[in-house]
Amino acid sequence: MKKFFQMLLFIPKLLLKLVWSLLWGLLRTAILLALVLLGLYFYAHHSSSQLASNLSVVFDNAKTYFSSNQGNVLGDVSEGLESLQTDDYSSYSGARWSTNSASIYIDSSNLTFRQAYETAIANWNATGVFSFVLVEDPNQADILATDYSDQATQAAGLAETQTNALTKQIQSVTVYLNAFYLLSESYGYSFERIVHTAEHELGHAIGLAHDDTEDSVMQSAGSHYGIQETDIAAVRELYGL
């Protein structure tokens with residue numbers, strides 16, 4: 001009889017042991033993954049490298065996604081806006097124009113975007129470290145400033161830079177403002193923040209990369225800051241001024 005009861009108890013004990021081993025293994029894996037993600041998050045927000053900037057964009061996208069999918073999607077959409085990335089950008093490190101000046105053509109029929117670009121151009125020109133020269137012929141422009149509407153991306157803007165890989169000299173740039181976010185009342189972009197987004201994209205057109213180490217117009221997310229002294233200093237260093 002004793003052996004019979006031992007046999008009856010053996011199977012539950014075995015199942016309990018297997019379940020405990022599985023749960024403990026999952027817990028250890030979750031702890032390890034959390035530590036890795038924590039390390040990557042710290043690196044992404046405390047380094048100025050291109051890899052750190054890319055990681056920062058990934059974390060910001062994830063934060064925006066989970067924020068905008070909690071509870072009522074329409075009601076919570078504004079909570080994820082703080083993390084909406086300014087743009088999706090990559091280029092050769094240290095890429096720049098041959099001089100601290102470039103011609104630009106505004107190719108947008110939207111009055112808000114035209115005014116935002118014009119204001120952003122004037123603000124950069126006022127720093128004295130780079131000169132954007134407005135032209136009336138797109139064929140004479142080094143930089144094309146335009147717009148698009150795309151809800152498939154989490155970017156409020158975009159900069160496409162053509163660079164000579166050997167000389168690291170910028171050959172042409174097209175910058176975009178994303179109307180889907182910037183002109184939608186749901187996302188709450190003020191004209192000032194649209195201007196900051198335009199300043200950010202023009203910063204890329206100059207040759208600046210993302211800077212999440214301090215207050216900067218080149219922060220990868222948010223577009224909360226205009227051109228700062230740190231941005232002016234970055235242009236001076238890039239062009240040896």
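# Notebook: core, rings and one buried leucine

**Entry 1, confidence.** I began with the confidence of this predicted model, and I found that the protein chain averages a pLDDT of 81, with 73% of the residues scoring at least 70. I then looked up residues 70–83, where pLDDT stays under 50 and for which the model has 20 contacts beyond four places in sequence.

**Entry 2, the chain as a whole.** I noted seven helices and six strands in the protein chain, and reading along the sequence I wrote down the pattern α-α-α-β-β-α-β-β-β-β-α-α-α. Of the 241 residues in the protein chain, 41% are buried. I also looked up how far apart in sequence the contacting residues lie: among contacts with a separation of 6 or more, 70% join residues 24 or more positions apart. For the surface, I recorded that the protein chain exposes about 13,700 Å², of which carbon and sulfur atoms supply 58%.

**Entry 3, the nonpolar core.** Which residues touch the most other members of the largest nonpolar core? I found that they are Trp 124 and Phe 132, in a core of 41 residues. The elements that give two or more residues to this core include strand S2 (101–106), helix H4 (111–127), strand S5 (155–163) and helix H6 (191–206). As background I wrote that, in soluble globular proteins, nonpolar side chains tend to be buried together.

I followed Trp 124 further and, not counting residues up to four places away in sequence, I listed what it touches: among them are Phe 130, Phe 132, Leu 202, Ile 206, Val 217 and Val 235, and also Glu 199 and Asp 231.

**Entry 4, helix H7.** I looked up the buried residues of H7, and they are Thr 230, Asp 231, Ile 232, Val 235, Leu 238 and Tyr 239. Against which helices do these buried residues of H7 pack? They pack against H4 and H6. Just after H7, I noted that Gly 240 takes a positive phi of about 65°.

**Entry 5, aromatic rings.** My search of the whole structure for aromatic pairs gave six. In one of them, the rings of Phe 130 and Phe 132 have their centres 4.9 Å apart and their planes at 55°, so I entered the pair as tilted. Both partners are buried, Phe 130 with a relative accessible area of 2% and Phe 132 with a relative accessible area of 4%. Phe 180 and Tyr 187 form another tilted pair, at 6.0 Å centre to centre and with 50° between the planes. Here I had to be careful about burial, because Phe 180, at 26% relative accessibility, counts as partly exposed, whereas Tyr 187, at 16% relative accessibility, counts as buried.

I then saw that ring pairs link Phe 130, Phe 132 and Tyr 239 into a cluster, and I recalled that Tyr 239 is among the buried residues of H7. As a separate item, I recorded that Arg 193 lies over the face of Tyr 189, at 4.3 Å from the ring centre.

**Entry 6, Leu 182.** Is Leu 182 buried or exposed? It is buried, with a relative accessible area of 2%, and its place is in helix H5. Leaving aside its neighbours within four places in sequence, I found Leu 182 in contact with Phe 113, Ala 156, Leu 177, Tyr 189, Ile 194 and Thr 197. For Thr 197 I also noted the distance: Leu 182 and Thr 197 are 15 residues apart in sequence and 9.0 Å apart in space, C-alpha to C-alpha.

Note on methods. Residues are numbered from 1 along each chain as its sequence is written. This is a predicted model: local features need pLDDT of at least 70, side-chain atom pairs count only at pLDDT 80 or more; totals for chains, interfaces and linings use all residues. Side-chain values use heavy atoms; hydrogens and water are left out. A nonpolar core is a set of buried Ala, Val, Leu, Ile, Met, Phe, Trp, Tyr and Cys residues joined through side-chain atoms within 4.5 Å. Buried means under 20% relative accessible area, exposed over 50%, partly exposed in between (1.4 Å probe, protein chains only). Contact means heavy atoms within 4.5 Å. Rings of Phe, Tyr and Trp (its six-membered ring) pair if their centres lie within 6.5 Å; planes under 30 degrees apart count as stacked, over 60 as edge-to-face and the rest as tilted. A charge sits over a ring if NZ of Lys or CZ of Arg is within 6 Å of the ring centre and within 35 degrees of the ring normal. pLDDT is the predictor's confidence in each residue, from 0 to 100. Accessible areas come from the Shrake-Rupley method with a 1.4 Å probe; for residues, only the protein chains shown count as cover.
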